[in-house]
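Q: I have a structure open and I'd like to learn how to read it. Can you walk me through a few of the features?

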Amino acid sequence: MGKDQKDLKRTTPQLIESRNFETQTHYITTSDGYILTVYRIINPYLRHKSSDLKPILLQHGFTANSDEFLVSRIGSIDANGKYSEDNRVTDCNRLARVGKTLGFVLSACGYDRKQVLNKSHDTRPQRGSPLLRVGKTLGFVLSACGYDVWLSNIRGNKYSTNHTTLDPKEDHHFWRFTIDELSQIDLPVIIDYIRKQTDKPKIGYIGYSMGTTLMFALLSSQPEYSGVIDPFIALAPVVYLSRLPKYLKQFTILEPFLRAFPMPLIRFGYLRKLTTEILSGQELTDHMAYMNAMAAHLIDESSTLVLSHYLQMISNDNFGRYDYGLSQNLYLYGSPKSPDYPLANITSHRIAFIESPENDIFSGHEDLQRLKSELKVDLLMDYRIPDNKWTHVDYLFHNRADKYVTK
């Protein structure tokens with residue numbers, strides 16, 4: 001079995017260690033008893049400088065897990081601390097010097113990579129060696145280039161199905177969670193845990209797809225986190241979904257059923273498969289080279305209520321808390337309707353967008369413009385990928401992800 005085939009069955013720790021990095025596993029218990037698993041990538045050649053590394057949290061998307069930031073390409077870090085993919089060396093100095101997207105944002109936020117990547121750890125390739133300007137696999141590129149990378153797993157996926165009292169296989173109450181619980185409970189407890197472990201007052205955050213939804217919900221409802229997250233890099237921002245194609249909007253008819261029966265999406269095999277195909281965009285043939293990796297690592301579990309929550313946002317044309325119905329809304333919110341998340345409360349000037357509205361059906365032009373208009377702060381960066389065929393999944397897997405995303 002080839003190395004790429006072995007990746008199909010590897011877990012997050014196995015993926016990390018197969019690239020010659022080291023891993024730590026952290027278990028975090030939420031206020032409502034969910035036990036979340038968070039992984040940390042350890043660069044063995046920078047371990048002695050751990051206190052200098054800037055912590056960055058990578059947050060996965062819907063029906064996914066921490067694997068998605070690790071499986072784009074086969075790579076490894078060598079005995080000199082140089083990370084290579086496809087036999088080409090990642091030049092971290094180039095990332096700091098000429099990066100247009102992540103490189104620019106991270107440098108703009110005051111992190112001096114020179115303090116970490118000194119002469120004894122020069123990541124520049126030797127003269128005559130092939131150069132991959134920056135690697136494609138986000139988690140490993142960041143770790144190799146001097147960042148303290150943490151990988152989140154929110155409640156419900158295969159790494160976070162433990163609970164202090166509930167059995168996910170037997171108790172449907174385990175699956176009673178929505179975007180509200182993910183953003184208001186899971187995300188802040190993970191952020192605070194990382195701050196405590198690293199003794200750093202601020203951390204960086206890179207959210208992909210639903211990972212952006214959760215952060216916008218958190219920053220709008222708990223604005224004190226605007227002073228904690230520095231920067232917030234939004235890959236494929238998903239907040240408003242009013243401009244979805246008609247064939248997707250028709251699935252809103254399922255929302256009352258999903259709301260009535262909270263359970264894992266895996267019990268709706270067709271619905272789960274459809275969700276994954278939709279997330280990949282309509283041009284799946286463009287991704288055949290890595291469809292096996294996508295199928296093995298990007299199709300994970302979530303609750304029917306999370307999908308129900310997204311469908312509510314589509315039907316109501318809003319970005320709001322979960323609508324439980326009249327009586328429960330009155331009890332929880334003091335109002336017959338669920339409130340919107342107040343995006344105008346966000347005070348951070350350290351938010352960067354990386355977007356492709358032409359062909360990303362979940363992050364279209366009009367919905368992005370609406371989001372930007374409701375934010376009362378200037379963006380640190382607003383980068384549009386210059387490829388009108390770029391789909392929602394391409395941020396992690398495209399052959400040019402090194403050019404348009406990780407650089």
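Q: Let's start with a helix: is α12 largely enclosed by the rest of the structure, or largely open?

A: Keep in mind that this is a predicted model. To judge a helix, count its buried residues, where buried means under 20% relative accessible area. For α12, 11 of the 13 residues are buried, so the helix is largely enclosed by the rest of the structure. Thr-304, Leu-305, Val-306 and Leu-307 are among the buried ones, and the list also includes polar names such as Ser-308, His-309 and Gln-312.

Q: What span should the 13 residues of α12 have, at 1.5 Å a residue?

A: The expected span is 1.5 Å times one less than the number of residues. Helix α12 covers residues 304–316 and should span 18 Å; its end C-alpha atoms are 18 Å apart, so the two agree.

Q: What can I look for at the start of α12, and just after it?

A: At the start, check whether a side chain reaches a backbone nitrogen. Here a side-chain oxygen of Ser-303 comes to within 3.0 Å of the backbone nitrogen of Leu-305. After the helix, check the backbone angles: Asp-317, just after α12, takes a positive phi of about 55°.

Q: How many residues of α7 are buried?

A: It's the same kind of count. α7 is mostly covered, with 11 of its 12 residues buried. Among them are Met-210, Gly-211, Phe-216 and Ser-220. This helix runs over residues 210–221 and reaches 17 Å from first C-alpha to last, close to the 16 Å expected.

Q: Which residues does UniProt list for "active site"?

A: Treat an annotation as a pointer, then look at the geometry. The UniProt record, an unreviewed entry, lists Ser-209, Asp-360 and His-392. They are spread over 184 residues of sequence, yet they cluster in space, with a largest C-alpha distance of 10.7 Å. A polar contact of 2.7 Å joins the side chains of His-392 and Ser-209.

Q: Where are Asp-360 and His-392 placed?

A: Find the elements on either side. Asp-360 is in the loop between β12 (351–355) and α14 (365–374), while His-392 is in the loop between β13 (381–384) and α15 (394–397). A loop position doesn't tell you about exposure, so check the accessible area: Asp-360 counts as buried at 2%, and His-392 counts as buried at 2% too.

Q: What is Asp-360 in contact with, leaving aside its neighbours within four places in sequence?

A: Contacts tell you what packs around a residue. For Asp-360 they are Ala-236, Trp-390, His-392 and Tyr-395.

Q: How many aromatic pairs does a search of the whole structure find?

A: Look at the distance between ring centres and the angle between planes. The search finds 18 pairs. Take Tyr-322 and Tyr-324: their centres are 4.7 Å apart and their planes are at 70°, so the pair is edge-to-face, as over 60 degrees counts that way. Tyr-322 is buried at 1%, whereas Tyr-324 is partly exposed at 29%. Trp-390 and Tyr-395 are also edge-to-face, at 6.0 Å centre to centre and 85° between the planes. Trp-390 is buried at 0%, and Tyr-395 is buried at 2%.

Q: Which residues do ring pairs link into a cluster, and what lies over the face of Tyr-34?

A: Follow the pairs from ring to ring, then look above each face for a charge. Tyr-34, Phe-174, Trp-175 and Phe-177 are linked into a cluster. Over the face of Tyr-34 lies Arg-155, at 3.9 Å from the ring centre. Elsewhere, Arg-370 lies over the face of Tyr-240, at 3.8 Å from the ring centre.

Methods. Residues numbered from 1 in each chain as written. Predicted model: local features only at pLDDT ≥ 70, side-chain atom pairs only at ≥ 80, totals over all residues. Heavy atoms only, no water. Phe/Tyr/Trp six-rings, centres within 6.5 Å; stacked < 30°, edge-to-face > 60°. Buried < 20%, exposed > 50% of the residue type's maximum accessible area, 1.4 Å probe, protein only. Lys NZ or Arg CZ within 6 Å of the ring centre and 35° of its normal. UniProt positions renumbered as here; feature names shortened; annotations may be inferred. Helix = DSSP H or I, 4+ residues; strand = E, 2+ residues; numbered from the N terminus. Contact = heavy atoms within 4.5 Å. Polar contact = N/O pair within 3.5 Å; in protein donor to acceptor, adjacent residues only side chain to side chain.
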